[in-house]
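Q: Hi! I'm new to this one, could you walk me through it?

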Amino acid sequence: MPRAERPGSPEACAELLHACERDRHSVRVRGGGTKDHLGTRRETDVTLETAGLDGIVDHVPEDLTVTVRGGMRFAALQAALATHGQFLPLDPPHTRRGATVGGIIAANSSGFGRYRFGAVRDLLLGVRAALPDGTVARAGGRVVKNVAGYDLNKLFTGSLGTLGVIVEATFKILPIPPATRAAAAVFASSADAFAAADALVRTSLRPTALVVEHADRRWRLVVAAAGERAPVDRAMDELARVAAAKGAAVEAIADPEATLGPLRELVDLSPTGVIIRAALPLSAQAAYAEAAARGERTAHIVADAASAIVHVHLMEGADAVAAETIVATARVLGGSARIERGAIAGLATFSGPEPSGAFLMRRLKDAFDPHGILEPARGALG
Amino acid sequence: MTAAPAIVRAGLRGAELAAGLRDLLGSEKVLWAREDLLLYEYDGAVDTAMPDAVVLPGDTADVARLARFCAEHGVPLVPRGAGTGLSGGSIPVEGGVVISFARMSRILEIDAPNLRAVVQPGLVNLHLSTAAAPHGLYFVPDPSSQKACTLGGNVAENSGGPHTLAYGVTTNHVTGLELVLSDGTIVRLGGKALEYDGYDLVGTFVGSEGTLGIVTEITVKLTPLPEDKRTLMAAFPTMDDASNTVSAIIGAGIVPSAMEMMDQLSTQAVEASVGAGYPLDAGGILLLEVDGVRDGLDDLLERIEAICRAAHAQELRVATTALERDKLWAGRKGAFAAMGRLASDYYVQDGVIPRTKLPQVLRHVIDVGERYGLRIANVFHAGDGNLHPLIMFDGSKGPAEVERVKEAGREILEMCIEVGGSITGEHGVGMEKNCYMPLQYSPIDMAVMRRVKDAFDPSGLANPGKVFPTPGRCKEFSLHAAR
């Protein structure tokens, strides 16, 4: 059993890492524990829990920025911002189960609002990270524009805890939009559903969700828009127009979150089988989804059609070859894919050739964590 | 203009270097005559330095061969786009080779179905949006120099522009890069999708000012052109009124696509040169734009106008035709050039502050100007809190005057840091502000950046003397700071 440690401050976190480095103890970083499924699991000597790094450090509502500790739960942050009529415009999964800000950054979690509001990399203004050498380093700042020095926010985003522990983060935030509406339409084919989605992307509508879902042989497009009433109404009108052109009827959705929530939580709501996450060039989605849908074990496909992030759920009993074929197809189409969660022997999170630029990534890993104590084997470098 | 003190680094230089490069790449790709090199000793900022040679590569393979040669012979590599940079990024402060991308300026692909374009680094920013327009698309970042500046330079500096308030700066619009590292290795990072395995090296590289390697190909996002827009010029009796308006608009939950501010000195210069139609008696003006689908745009504009009136606006003018809109914008985009009417030289700062500190910091800028007896104009991205104080001076008075101007600039940057801001929002650190980096970052923060530098560029030949404080040049600064 790994030893659990819960440092109460950024400095204590850095000291702990330094002691682990000295003793060559491997460390897994754990926030809400909602993403244990992600990345190769190898038992470590220590589990560093970030729950002691909690709370808002600074929030100036008029500046639309907020600085929080890395272990703060995302849901608690949103609740605090909501009392000021503001929100952090990220809608990542697992937030009801306790996903933390640091974990969301480390895993580069994103949701359907990415096309409209950006992903973690677009909203993160600054980070402080505890490093294995015992220091706490800051990158970026607390203002919305800053090009002084290297943009290490980007390096830490998606680094899966392999470079350091995110102890503090500053984000851009926004006022909560006054109006939200959603509607859905069912199409006869993958091509029709994605074509309708694409027509809406090529406008100034900037939907907050544009999701193509495949289940039970149906292709359903769910569209949500948020903002001032008039442009939101217009988005719904445009959906009706593009759907009608394909002979599809539109159904209004009274509670957008009740529909979008389960689509976002595909991993949590499909406890068995394999889930693949692919990032694709926009126009490759229809063919990719169609190919994935042909697999006899494919149960469910959820595509953020505006950002071309496609999740494929294979039912229990799917074999590693089927899963790896779907991963490889994404690569062939010019994108990338990983096993978001899989319980099949021999199925690695990251398969296929090393990422381009792996030698640079390895040098960076060695520079930040020379003894390899942090999250061994979890990242794409294996 | 001041020539940077020569820093001697062991390696091949001068005529011998030029001869080696001619043998390597052919004489048509190398400039070495003094009169040719003179054109490459300056950029848009105030420092100058002569390269030993200039190379005009035709493709990535040329750049890789050049880098291998320079690695072997200890020669610094300094990439250069159009030379419009405002922090000395393309100045060869330690000598060596300036790489001009004038011959690598093509659009390789407009991939409209994927909302991407693949371009060479020497492509002029505006040419990309022009080429994308028939597809109903454009490239968002629009620096004021967009008629001249290049995509390679935009990537190096992580450039912004007036319209990045709502839609993001260069880094938010780059998904793939091809690089040549300082040892000649060619690396492809990212692509047309939004995510690839491993660390986000594309994001890490953008804004690294040529110090991590040389960009040879760029994949960018293209964005659907807004269906419609509304442009408003609002004139106020004082800069405080204009500043409060900015906070009030943001506070009302409105994020315009652009929100630019100019003080009276700037509007007077602009009126004399461009004739944009700005009122000469206003203490400050705001140029505002909202865009998107046309539904609701007029309501939004009305709300903004009401906020402006409540903050004592003396005049509100909405552009009713594309021509009128272009005229209003021509004033803003031509503002830096117009300063030539007020003084022979200017030094522009690029500090960023939290929006709520605008009135306080702008008063400090006025105070600095008065204490130094220097005229300072302010033309800036108010919505982002990204200031551009233009300090006017007469360079013919010699290096002492330039130093005095830089000192005034430093006082402004110190205030930006004091209120929680940054020394640069979009112009970069370069060799102009590298001595100020310790104002913003601790030695620990700098050490971490150094690790990144060493991972990409272990030899240190990629644009040396930039971003990181250099012992030789920055000693003087610490003396100043100590006094």
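A: Happy to; we'll go through the core, a sheet and the chain contact.
A: This is a predicted model, where local features need pLDDT of at least 70, side-chain atom pairs count only at pLDDT 80 or more, and totals for chains, interfaces and linings use all residues. Residues are numbered from 1 along each chain as its sequence is written, with chains lettered from A and ligands numbered from 1 in the order in which they are written.

Q: Cool. How many residues has the largest nonpolar core?
A: It has 263 residues, and A:Val223 and B:Ile285 have the most contacts inside it. A nonpolar core is a set of buried Ala, Val, Leu, Ile, Met, Phe, Trp, Tyr and Cys residues joined through C-beta atoms within 7 Å; buried means 20 or more other C-beta atoms within 10 Å of a residue's own, with C-beta atoms placed from the backbone.

Q: And which strand gives the most to this core?
A: Strand 13 of chain A (residues 218–227), with 7 residues. Strands here are DSSP runs of E, at least two residues long, and helices are runs of H or I, at least four, numbered from the N terminus.

Q: New topic: in what order do the 4 strands of the open sheet in chain B come?
A: The order is 2-4-6-5, with mixed pairing. Strands pair if DSSP finds at least two bridges between them.

Q: Which are the edge strands?
A: Strand 2 (30–31) and strand 5 (77–80) of chain B, each pairing on one side only.

Q: Last one: how many residues does each chain give to the contact?
A: Chain A gives 64 and chain B gives 73, where contact means C-beta atoms, placed from the backbone, within 7 Å. On chain A's side, helix 13 of chain A gives the largest share, 7 residues.

Conventions
Buried ≥ 20, exposed ≤ 12 C-beta atoms within 10 Å, placed from the backbone. Contact = placed C-beta atoms within 7 Å.
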